[in-house]
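Hi,

Here's the structure I said I'd pass along. Have a look at it first, then read on for my notes.

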Amino acid sequence: MASLKLILNKERTYKDGKYPLVFQIIQQRKKKVVYTQICVASEQYDESNQKIRYCKGAGLTKREVNELNEKLEMKRTDLLNFLKELAREKPRFTADDFSMRFHQRHKSRYLFVYMEMQIERKEKMGKYGTANAYRSTMYSLMHFTQNEKLLLSEIDFDFLYEYEQFLLGNGNAVNTVAYYFRNFRAIYNRAEEAKLQVSLVNPFIKYRIKTEKTVKRALSKDYMRKIAQLDLSDNSKTDLARDVFMFSFFTRGMASVDIIHLKKEQLKNTLLEYRRMKTNQHLMVQITEAIQYFVDKYHNPKSEYVFPFLDPERKPSIYRQYRQALGEINVHLKDVARRAGLNIDLTTYVARHSWASIAKETGAPISQISDGLGHNSERTTLIYLKELDLSVLSKLNEVVSSL
């Protein structure tokens, strides 16, 4: 085990004749020091007990001496715990290992430094959506605090309240505020789990953000038929956006992210199998004539994907290609809505909700379609869909999608 000792660093003298107090770590005969931000005169330091002593006329009261010694003892405990953790992770760690890891942890006590670390971590894991969510939250917090050196330990109940009022005062919707707070809480909780210097009491435990129920939009079977029959041959991108929308409907509300990333290898005989990127839920859909129509329409022997959005050979990353494709789909779906005479914001989610709504109108049991498709929790939807027999879902999908 490395040795730890509090000493006066007499190699560095301040103008007033005082010396900085440092903790000296010796590991494998190599020394490293951690500054305590406390400096005293040589007569004020009790070397045998490794404590500051009270000296009359030296500038520190007895109470101040006691407070400083308490802080030093807390620092000693923190360093000992850190050395134990490092020894468990790397039994033969060096003094350089300690220095690098300690200063990395010390630097990460700043909120925005730590947030950037988490963003980079998510990107390395390929979780670009979460990384972007964290990044937008970080920019929002930066705008609010105007303080790049904000410490994690400064985040308390009052801070959260003022941040909420700031967001609302800037015209953010209640659900947008909740979105930022969910990301903020996730990052803060991870910092707490990593045993960084955070508040003594987690302010998120009792702080609650209310959300408003999102107004769900579903189209009737007549409108779905109208969209399917639109002649969009004059604009290939609008035509493609409409096809993605209809493909989502015909596949029981397949999410746009899964459609864009859908590969030919996921089409197995008469089944389309995929895992939802959002939840990792394994789903199977019977391939109908309508589904096969789109597969054939966009067939490209040179591409591994069903739809013409992603190309591994292109310079932008797959994720950036996906984001660009999603943006274009949303833009062109507005044109689809206009041409169909719809007065709503058309998205692929509307196709998902429309499938659930039309399924309900057929009289299908709630257990088959799960109200979670269009109500509060998608988790309930996943539970019901997981337990359903594929043949039951296939028959239901055939009835719903027969436009």
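Below is what turned up, starting with confidence and moving on to rings and helices.

First off, this is a predicted model, so keep the confidence in mind. The mean pLDDT of the protein chain is 84, with 88% of its residues at 70 or more. Two stretches to treat separately: pLDDT stays under 50 over residues 371–378, and again over residues 380–388. The model does place contacts there beyond four places in sequence, 21 of them for residues 371–378 and 16 for residues 380–388.

Now the aromatics. The count comes to 21 aromatic pairs. One of them is Phe-247 with Phe-294: the ring centres are 6.3 Å apart and the planes sit at 75°, which is over the 60 degrees needed, so this pair is edge-to-face. The two residues are 47 apart in the chain, and the pair links distant parts of it, with Phe-247 in helix α8 (residues 236–250) and Phe-294 in helix α10 (residues 289–297).

Are these two rings buried or exposed? Phe-247 has 0% relative accessibility, so it counts as buried. Phe-294 comes out at 5%, so Phe-294 is buried as well. Phe-294 also pairs with Tyr-293: here the centres are 5.1 Å apart and the planes at 70°, so that pair is edge-to-face too. Tyr-293, though, has 48% relative accessibility and therefore counts as partly exposed.

Elsewhere there's an aromatic cluster made up of Phe-144, Phe-157, Phe-159, Tyr-163, Phe-166, Phe-181, Phe-184, Tyr-188, Phe-204 and Tyr-207.

Some of those cluster names come back when you look at how two helices meet. The axes of α4 (residues 128–145) and α5 (residues 157–169) come within 10 Å and cross at roughly 100°. That falls between 65 and 115 degrees, so α4 and α5 are roughly perpendicular to each other. On the α4 side, the residues in contact are Thr-137, Ser-140, Leu-141, His-143, Phe-144 and Thr-145. They meet Phe-159, Glu-162, Tyr-163, Phe-166 and Leu-167 from α5. Phe-144, Phe-159, Tyr-163 and Phe-166 are cluster members that also take part in this helix contact.

Last, two lysines over ring faces. Lys-10 lies over the face of Tyr-19, at 5.8 Å from the ring centre. Lys-149 does likewise with Tyr-110, at 5.1 Å from the ring centre.

Cheers

How values were computed: Residues are numbered from 1 along each chain as its sequence is written. This is a predicted model: local features need pLDDT of at least 70, side-chain atom pairs count only at pLDDT 80 or more; totals for chains, interfaces and linings use all residues. Side-chain values use heavy atoms; hydrogens and water are left out. pLDDT is the predictor's confidence in each residue, from 0 to 100. Contact means heavy atoms within 4.5 Å. Rings of Phe, Tyr and Trp (its six-membered ring) pair if their centres lie within 6.5 Å; planes under 30 degrees apart count as stacked, over 60 as edge-to-face and the rest as tilted. Helices (H or I, at least four residues) and strands (E, at least two) are DSSP runs, numbered from the N terminus. Buried means under 20% relative accessible area, exposed over 50%, partly exposed in between (1.4 Å probe, protein chains only). A charge sits over a ring if NZ of Lys or CZ of Arg is within 6 Å of the ring centre and within 35 degrees of the ring normal. Axes are lines fitted to C-alpha atoms, for helices over the stretch in contact, and angles run from 0 to 180 degrees between N-to-C directions. Angles under 35 degrees count as roughly parallel, over 145 as roughly antiparallel, 65 to 115 as roughly perpendicular and the rest as oblique.
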